[in-house]
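Please look over the model below with the ligand site in view. My notes follow it.

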Amino acid sequence: MKIYAPRMFLRTCLALSALILAPLASAATKPLKIGFAQTGAESAWRTANTESMKSEAAKRGIDLKFADGQGKPENQIRAVRSFVAQGVDVIIIAPIETTGWEPVLREAKAAKIPVIVMDRSIDVSDESLYACFIGSDFAEEGRMAADWLAKHTNGKGRILELQGTTGSSAAGERKRAFAEGIAKYPDLKVIDSQSGNFGRELGKQVMEAFLKKHGRNFDIVYAHNDDMALGAIQAIEAAGLKPGKDVMIVSIDAVREGVEAVVAGKINCTVECNPLFGPKAYDAAAKLAAGQPVLPRKQFNKDELFDATNAAAALPIRKY
Ligand code: AHR
């Protein structure tokens with residue numbers, strides 16, 4: 001009896017520690033479950049963004065629940081609600097529109113699920129409804145486009161503007177900052193502005209309507225993304241004009257096709273908007289899932305600009 005007592009004690013201790021440590025070990029190895037509410041597939045930029053989110057999740061062994069909003073804000077709200085119901089660890093939202101988020105974000109907060117707002121910003125009265133923002137500085141992009149244009153036109157020209165999705169921060173800030181940027185040049189004016197919803201086909205259709213309405217009485221097209229600029233180029237060429245020469249074209253995104261159009265002389269300048277958010281977004285998600293804050297709470301990418309001086313050199317190393 002005396003000989004076996006210490007052994008039994010040891011065995012009991014080992015069994016107890018296994019019981020205590022088992023859930024901790026499985027929590028450490030359990031893959032992060034992340035719900036991602038994407039806007040849709042409206043542009044080449046968006047395709048690159050989705051690819052970055054999916055491939056990085058696969059690389060890190062993240063259990064990604066991906067929801068394509070198909071351009072409809074109500075689909076995104078529904079997706080976020082279903083992520084809450086599924087009890088994901090973190091929710092990431094690339095919001096189509098800035099408004100309408102408060103009720104569902106309150107539900108996520110009540111369920112103690114941290115939310116990352118990615119790419120576009122939102123308007124909420126209570127900033128604690130989301131943990132952090134990781135995105136682009138759309139106002140800076142609009143300003144860069146305006147400054148480039150002012151410099152290369154000597155502050156003169158009639159501009160047709162192709163806006164992105166109405167109600168999105170990307171379109172709102174690119175429009176506002178561009179208008180502020182050209183305000184110093186009284187002879188540089190936006191003479192018409194319509195939404196092409198960040199899409200190539202709609203960009204083409206809006207440009208066709210502009211051509212009908214304004215004839216040859218314009219000099220510049222400012223498109224809020226490359227897809228709309230590329231659609232507008234088709235309409236401009238069909239009207240017998242030379243994009244990049246007869247009509248100056250300034251755009252945003254610097255996706256591969258956009259930069260190629262700069263090299264071909266059809267787009268005069270495109271301001272970069274980097275879509276490769278996967279690594280940053282999941283670094284932030286891992287911190288939040290571990291109960292740590294993401295600092296700084298709002299993080300913005302630093303973007304470049306491509307024109308005839310640097311586009312050809314940049315093309316071989318473009319990642320999207
Ligand atoms: O929110 C980023 C914008 O959304 C991109 O500039 C545009 O191409 C996309 O659809």
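The points below cover the basis of the model, the ligand site and two backbone details.

1. This is a predicted model: local features need pLDDT of at least 70, side-chain atom pairs count only at pLDDT 80 or more, and totals for chains, interfaces and linings use all residues. Residues are numbered from 1 along each chain as its sequence is written, and side-chain values use heavy atoms, with hydrogens and water left out.

2. The shell around the ligand (residues with a heavy atom within 4 Å of it) includes Trp45, Arg46, Arg120, Phe138, Arg174 and Asp253. By class, the shell has four nonpolar, two polar and six charged residues; here Ala, Val, Leu, Ile, Met, Phe, Trp, Tyr, Cys and Pro count as nonpolar, Asp, Glu, Lys and Arg as charged, and the others, Gly among them, as polar.

3. Ligand oxygen atoms lie 2.5 Å from a polar side-chain atom of glutamate 42, 2.9 Å from a side-chain N or O of serine 43 and 2.8 Å from a polar side-chain atom of aspartate 119. The protein covers 100% of the 280 Å² of accessible area that the ligand has on its own (Shrake-Rupley method, 1.4 Å probe).

4. Domain 1 (32-135 + 275-289) and domain 2 (138-273 + 306-317) both contribute residues to the shell, so the ligand lies between them. The domain bounds come from an automatic or database domain assignment.

5. Leucine 295 and proline 296 are joined by a cis peptide bond, with omega about -5 degrees.

6. Glutamine 70, a residue other than glycine, has a positive phi near 50 degrees.

Terms used
Polar contact = N/O pair within 3.5 Å; in protein donor to acceptor, adjacent residues only side chain to side chain.
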